[in-house]
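Biologist: This model is new to me. Could you show it to me and walk me through it with a few questions?

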Amino acid sequence: MEELKHVAIIMDGNGRWAKKRGLNRSMGHKEGSKVLEELCLHAVSKKISYLSVFAFSTENFKRSKEEVDFLMNLFIEMFRKKFKELHKHGVKVVFSGRREPLRQDVLASMDEIVEKTKDNDKLVFNICLNYGGHTEIIDTTKKICQNVIDGKITLDDIDDNLFSKELYQDLPPIDLLIRTSGEYRVSNFMLWQMSYSEFYFTDTLFPDFHKEEFDKAILAYYERDRKFGGVKLEK
Ligand code: IPE
Ligand code: IPE
Ligand code: MG
C-alpha cells in the first residue's frame, strides 16, 4: 500500500456539537481547537509527514461578526500560547490562504509561529486560514503568468510539477482526506492537491474526533486499493 504521507482534514461540526449541548457555537470551536492539537501530536507519533487542516474558508466570512471575531481571537490564542507543545514536538507550522482581509493582530500571530517553528522537521502542519481552493488556483496562475511575462520561464515550462511548486505551499499530493460531521462535500478545500486522494467521511462531529477516530481513518486508508488510473496486476 502507498505510504501515508499527507493527511488533510475538513474539520466540520463544531457548531452542531455545541448546539447539542445547549451551548453557544463558540464553545464548539474552543473544543475543536483542543482536538486539533491532540490530532497534530498524534500525527507526529504516527510519523505522518504532512497534515493540512481547514480552519477558516474564504466563505466563512459570511458568518456573524461575533462568530468571526471569536474564531480570529481563538486563532491568536492558539498560535501564541497553545501551540508551544507542538513546537516542542518538532512541528513546523505553515499557512495557506490570502492575507487580505485578515486582521493585523491575526497576521502577526501567524507570522510569529511560522518564524518560531521554521527549523522543525517532524511534521509540516499546513493550516488553511482564509483559504479557498479556487482562489489558490487563481493566485497561482497569476504568479506563473507574471513569471512568463518577466521572462523567467516559458509557456512550455508549465507542467504539473511546476504548478504544484507555485501553490501557496509546496506540498505532496493529499493521500487521505477526512471530513467529519456527515457532510459529503469538499467545500472549496484543496482542489488541486486532492486529485487522487482517498476520501474518508464520518458522522462524528469534529470536537468528538479524537485520536482513536483518527486511527480508524488511517486503518481504512490502508485497506484501500489505489490505482491512479492504472490496472492492478492479479498476484
Ligand atoms: C467547522 O465547524 C469550523 C469552521 C467552519 C470554522 P462549523 O462551525 O462549520 O460547525 P457546523 O457545521 O455549523 O456544525
Ligand atoms: C468548511 O466547513 C470550512 C471549514 C471546515 C473551515 P463549512 O461548514 O464552512 O462548509 P459548508 O458551508 O458546510 O459547505
Ligand atoms: Mg460546518
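Modeller: Gladly! Helices (H or I, at least four residues) and strands (E, at least two) are DSSP runs, numbered from the N terminus. This is a predicted model, where local features need pLDDT of at least 70 and side-chain atom pairs count only at pLDDT 80 or more, while totals for chains, interfaces and linings use all residues. Residues are numbered from 1 along each chain as its sequence is written, chains are lettered from A and ligands numbered from 1 in the order written, and side-chain values use heavy atoms, without hydrogens and water.

Biologist: Let us begin with ligand 1. Which helix gives the most to the shell around ligand 1?

Modeller: The shell holds residues with a heavy atom within 4 Å of the ligand; around ligand 1 these include Asp12, Gly13, Asn14, Gly15, Arg16, Arg25 and His29. Two helices, H1 (14-20) and H2, each supply at least two residues of this shell. With three residues, the most comes from H1.

Biologist: How much of ligand 1 does the protein cover?

Modeller: Start with its polar contacts, which are pairs of N or O atoms within 3.5 Å (within protein, one must be able to donate a hydrogen and the other to accept it, and residues adjacent in sequence count only if both atoms are side-chain atoms). The aspartate 12 side chain has an N or O atom 2.9 Å from an oxygen of ligand 1, and a polar backbone atom of glycine 13 is 3.4 Å from an oxygen of this ligand. Arginine 16 brings a polar side-chain atom to 2.7 Å from a ligand 1 oxygen. Of the 380 Å² of accessible area (Shrake-Rupley method, 1.4 Å probe) that ligand 1 has on its own, the protein covers 87%.

Biologist: Now to ligand 2. Which strand provides the largest share of the shell around ligand 2?

Modeller: Among the residues around ligand 2 are Phe54, Ala55, Phe56 and Ser57. The largest share of this shell is four residues, and they come from a strand spanning residues 50-57. That strand is E2.

Biologist: And what percentage of the area of ligand 2 does the protein bury?

Modeller: Three side chains reach its oxygen atoms: asparagine 60 has an N or O atom at 2.9 Å, and arginine 63 has one at 3.3 Å. Serine 187 places a polar side-chain atom 2.6 Å from an oxygen of ligand 2. Taken alone, ligand 2 exposes 390 Å², and the part buried by the protein is 77%.

Biologist: How far does helix H2 reach from its first C-alpha to its last?

Modeller: H2 covers residues 25-45, which is 21 residues. The expected span is 1.5 Å times one less than the number of residues, and for H2 that comes to 30 Å. Just after H2, lysine 47 takes a positive phi of about 60 degrees. Close to its expected value, H2 itself reaches 31 Å.

Biologist: Which residue does a cis peptide bond join to glutamate 100?

Modeller: Look in the loop between strand E3 (91-96) and helix H5 (104-117). The bond there has an omega of about 0 degrees, and the partner of glutamate 100 is proline 101.

Biologist: One last stop: what is the phi of serine 181?

Modeller: This serine is found in the loop between strands E5 (176-179) and E6 (198-201). Although serine 181 is not a glycine, its phi is positive, at about 75 degrees.
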